Amino acid sequence: MSTLFSKIIDREIPANIVYEDDLCLAFRDVNPQAPMHILIIPKKPVAMLVDATVDDQALLGHLLLKAGDIAKQEGYGDAFRLVVNNGAKAGQTVFHLHVHILGGRGFSWPPG
Ligand code: AMP
């Protein structure tokens with residue numbers, strides 16, 4: 001099923017893209033929850049983290065490494081938070097795997 005994020009990958013809807021390579025795309029969240037709020041997504045349409053398989057191991061590692069690079073490039077390499085909401089009850093609203101990259105404010109623990 002085509003999601004909003006597939007449409008962003010295909011340039012059917014616009015996004016503020018900050019990074020792209022063969023495997024992933026990163027763009028600013030339209031409703032930012034922090035001064036830096038970027039989403040990094042695989043181009044492969046994995047709906048949610050639990051749908052990833054051992055075949056996706058390198059892809060998942062790639063997303064994390066690039067998330068760190070992007071946080072650094074944005075000037076928040078010293079303190080940022082990554083969030084993956086898996087499933088509607090966990091707050092997932094777009095069913096195309098994405099990692100939130102948040103920075104630029106304090107973060108409490110435990111998360112809400
Ligand atoms: P989640 O709740 O984890 O599924 O996160 C989905 C995120 O996508 C939310 O933070 C939304 O603000 C964000 N979002 C929804 N539509 C767009 C869009 N067109 N461009 C950028 N971010 C979006």
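Biologist: Which element gives the largest share of the shell around the ligand?

Modeller: In this predicted model, the largest share of that shell comes from H1, which contributes 3 residues. The shell as a whole holds 16 residues, and the closest of them are Asp29, Gly91, Thr93, His98 and His100.

Biologist: What makes a residue such as Asp29 one that surrounds the ligand?

Modeller: A residue is taken as near a molecule if one of its heavy atoms lies within 4 Å of it, and Asp29 is listed among the closest of the 16 residues around the ligand.

Biologist: What makes the approach of Gly91 to the ligand a polar contact?

Modeller: The cut-off for a pair of N or O atoms is 3.5 Å, and a backbone N or O atom of Gly91 lies 2.7 Å from an oxygen atom of the ligand, so this pair falls within the limit. A polar backbone atom of Val94 is 3.0 Å from an oxygen atom of the ligand, and a polar side-chain atom of His100 lies 2.8 Å from a ligand oxygen, so these two pairs also qualify as polar contacts.

Biologist: How much of the ligand's accessible area does the protein cover?

Modeller: On its own the ligand has 500 Å² of accessible area, and the protein covers 83% of that.

Biologist: Where does the ligand sit, and what does that placement require?

Modeller: The ligand sits in the largest pocket, which means that more than half of its atoms lie within 2 Å of the grid points of that pocket. The elements that give two or more residues to the shell around the ligand are H1 and S2.

Biologist: What other partners does His37 have, and why does His37 count as buried?

Modeller: The place of His37 is in strand S3, residues 36-42, and its relative accessibility is 5%, which is under the 20% limit, so His37 counts as buried. The side chain of His37 reaches the backbone nitrogen of Gln33 at 3.0 Å, and a polar contact of 2.8 Å joins the side chains of His37 and His100. His100 is also the residue whose polar side-chain atom lies 2.8 Å from an oxygen atom of the ligand.

Biologist: How many aromatic pairs are counted?

Modeller: The count comes to 1 aromatic pair. Phe5 and Phe27 form this pair, with 5.3 Å from centre to centre and 75° between the planes.

Biologist: Why is the pair of Phe5 and Phe27 called edge-to-face?

Modeller: Ring centres must lie within 6.5 Å, and planes over 60 degrees apart count as edge-to-face; with 5.3 Å and 75°, Phe5 and Phe27 therefore satisfy both conditions. The pair links distant parts of the chain, since Phe5 belongs to helix H1 (residues 4-9) and Phe27 to strand S2 (residues 24-28), 22 residues apart.

Biologist: How do you know that Phe5 and Phe27 count as buried?

Modeller: Phe5 has 5% relative accessibility and Phe27 has 3%; the limit is under 20%, so both rings belong to residues that count as buried.

Biologist: What makes Leu63 buried, and what is its separation from Cys24?

Modeller: Leu63, in helix H2, has a relative accessible area of 2%, which is under 20%, so Leu63 is buried. Its C-alpha atom is separated by 7.2 Å from that of Cys24, although the two are 39 residues apart along the chain.

Biologist: Why do Lys72 and Glu12 count as exposed, and what makes Arg11 partly exposed?

Modeller: Exposed means over 50%, so Lys72 at 59% and Glu12 at 54% pass that limit, whereas Arg11 at 46% lies between 20% and 50% and is therefore partly exposed. Lys72 is in helix H2, residues 57-73, while Glu12 lies in the loop between H1 and strand S1. From C-alpha to C-alpha, Glu12 and Lys72 are 29 Å apart in space and 60 residues apart in sequence, and Lys72 and Val94 are 26 Å apart with their positions 22 residues apart in sequence.

Biologist: Which backbone features of Arg11 and Pro110 deserve a check in the model?

Modeller: Arg11, in the loop between H1 and S1, has a positive phi of about 65° although it is not a glycine. Pro110, found in the segment after strand S5, is joined to Trp109 by a cis peptide bond with omega of about 5°.

Notes:
Residues are numbered from 1 along each chain as its sequence is written. This is a predicted model: local features need pLDDT of at least 70, side-chain atom pairs count only at pLDDT 80 or more; totals for chains, interfaces and linings use all residues. Side-chain values use heavy atoms; hydrogens and water are left out. Rings of Phe, Tyr and Trp (its six-membered ring) pair if their centres lie within 6.5 Å; planes under 30 degrees apart count as stacked, over 60 as edge-to-face and the rest as tilted. Helices (H or I, at least four residues) and strands (E, at least two) are DSSP runs, numbered from the N terminus. Buried means under 20% relative accessible area, exposed over 50%, partly exposed in between (1.4 Å probe, protein chains only). A polar contact is a pair of N or O atoms within 3.5 Å; within protein, one must be able to donate a hydrogen and the other to accept it, and residues adjacent in sequence count only if both atoms are side-chain atoms. Accessible areas come from the Shrake-Rupley method with a 1.4 Å probe; for residues, only the protein chains shown count as cover. On a 1 Å grid over the protein atoms alone, a cavity is a set of points where a 1.4 Å probe fits but cannot get out, and a pocket is an open set with protein on both sides within 12 Å along at least five of seven lines; lining residues have an atom within 4 Å of a point.
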